[in-house]
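Visitor: I should like a close look at a single part of this protein, namely its nonpolar core and the aromatic residues associated with it. Please take me through that part in one connected account.

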Amino acid sequence: MSFAQKKSAVPVAQERRRFQRVKVHLLGRYMLPDRREFPCQIINMSPGGLALLAPGIGNVGDRVIAYLDHIGRVEGKITRIIDNGFAMTVGATARKRDKLAAQLTWLANRDILNLPEDRRHDRIVPRNPIALLTLEDGSKMTCRIIDLSASGAAIAAENRPPLKSLVMLGKVQSRVVRNLEEGFALEFVHEQSAETLEDAVSAR
């Protein structure tokens, strides 16, 4: 499955037709113009727009900033209200849209193939988001946990460890699985217990 068919300049109508919406189940959070933040679930997405289920619904034309699992930061404007949510545009450069197309292709294929990483655990923002990350070479760095679940975490940090490298987030062995706009994503080597998760990853 491929979204971006060609990279040359095309008329706007044709540009819209380049992108196919796919059903995805991604969790995230978003902020409305009044700076209120809410959790959300993406139900379909293309490199040019998305639809999400959300508890806080703005108005058509409102600017929205969202942080999505596996995707990172996106922003755009609400185009229409749907049942229990809304649809919005995704504002991005041509290069960013091509990257989104590749990410969505991977996500769609992952769902079809039911790959092991397809674990839909609730994500939380820890009470203490500051954590200590130990890299493969033994060096340590302080980072901020954006959010986490029983199977992984999104990390904000200036330096990104190499992809596929093994690290320790607090006491939890993890693998770097992808880069995010403000950091990187980790997948825990072993699924964690929700009761002890925050204590295991947070710095003391």
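Guide: A residue is called buried when its relative accessible area is under 20%, exposed when that area is over 50%, and partly exposed in between. Tyr 30 has a relative accessible area of 1%, and therefore it is buried. The model under discussion is a predicted one.

Tyr 30 is a suitable place to begin. The largest nonpolar core holds 24 residues, and Tyr 30 is among those that touch the most other members, together with Ile 42, Met 45, Leu 50, Leu 68 and Ile 71. Two or more residues of this core come from each of the strands S1 (22-31), S2 (37-46), S3 (49-53), S4 (63-68), S5 (72-82) and S6 (85-89), and likewise from helix H2 (94-113). A separate, second core has 19 residues, including Met 141, Ala 153, Leu 197 and Val 201.

Within the largest core, the surroundings of Leu 50 can be set out in detail. Beyond its neighbours within four places in sequence, Leu 50 is in contact with Ile 42, Met 45 and Leu 68, and also with Arg 21, Asn 44, Val 74, Phe 86, Ala 87, Met 88 and Val 90.

Phe 86 leads back to Tyr 30. A pair of aromatic rings is described by the distance of the centres and the angle of the planes. The ring centres of Tyr 30 and Phe 86 lie 5.5 Å apart and the planes meet at 75°; because planes over 60 degrees apart count as edge-to-face, the pair is assigned to that class. The partners belong to distant parts of the chain, with Tyr 30 in strand S1 and Phe 86 in strand S6, 56 residues apart. Phe 86 has 0% relative accessibility and so counts as buried. This pair is one of two aromatic pairs in the count, and Tyr 30, Phe 86 and Phe 38 form one aromatic cluster.

Ile 82, in strand S5, offers a further point of reference. Its relative accessibility is 23%, so Ile 82 counts as partly exposed. Apart from residues up to four places away in sequence, Ile 82 touches Ile 43, Ala 51 and Leu 52. One of these, Ala 51, is 31 residues from Ile 82 in sequence, with a C-alpha to C-alpha distance of 8.3 Å.

Notes:
Residues are numbered from 1 along each chain as its sequence is written. This is a predicted model: local features need pLDDT of at least 70, side-chain atom pairs count only at pLDDT 80 or more; totals for chains, interfaces and linings use all residues. Side-chain values use heavy atoms; hydrogens and water are left out. A nonpolar core is a set of buried Ala, Val, Leu, Ile, Met, Phe, Trp, Tyr and Cys residues joined through side-chain atoms within 4.5 Å. Buried means under 20% relative accessible area, exposed over 50%, partly exposed in between (1.4 Å probe, protein chains only). Helices (H or I, at least four residues) and strands (E, at least two) are DSSP runs, numbered from the N terminus. Contact means heavy atoms within 4.5 Å. Rings of Phe, Tyr and Trp (its six-membered ring) pair if their centres lie within 6.5 Å; planes under 30 degrees apart count as stacked, over 60 as edge-to-face and the rest as tilted.
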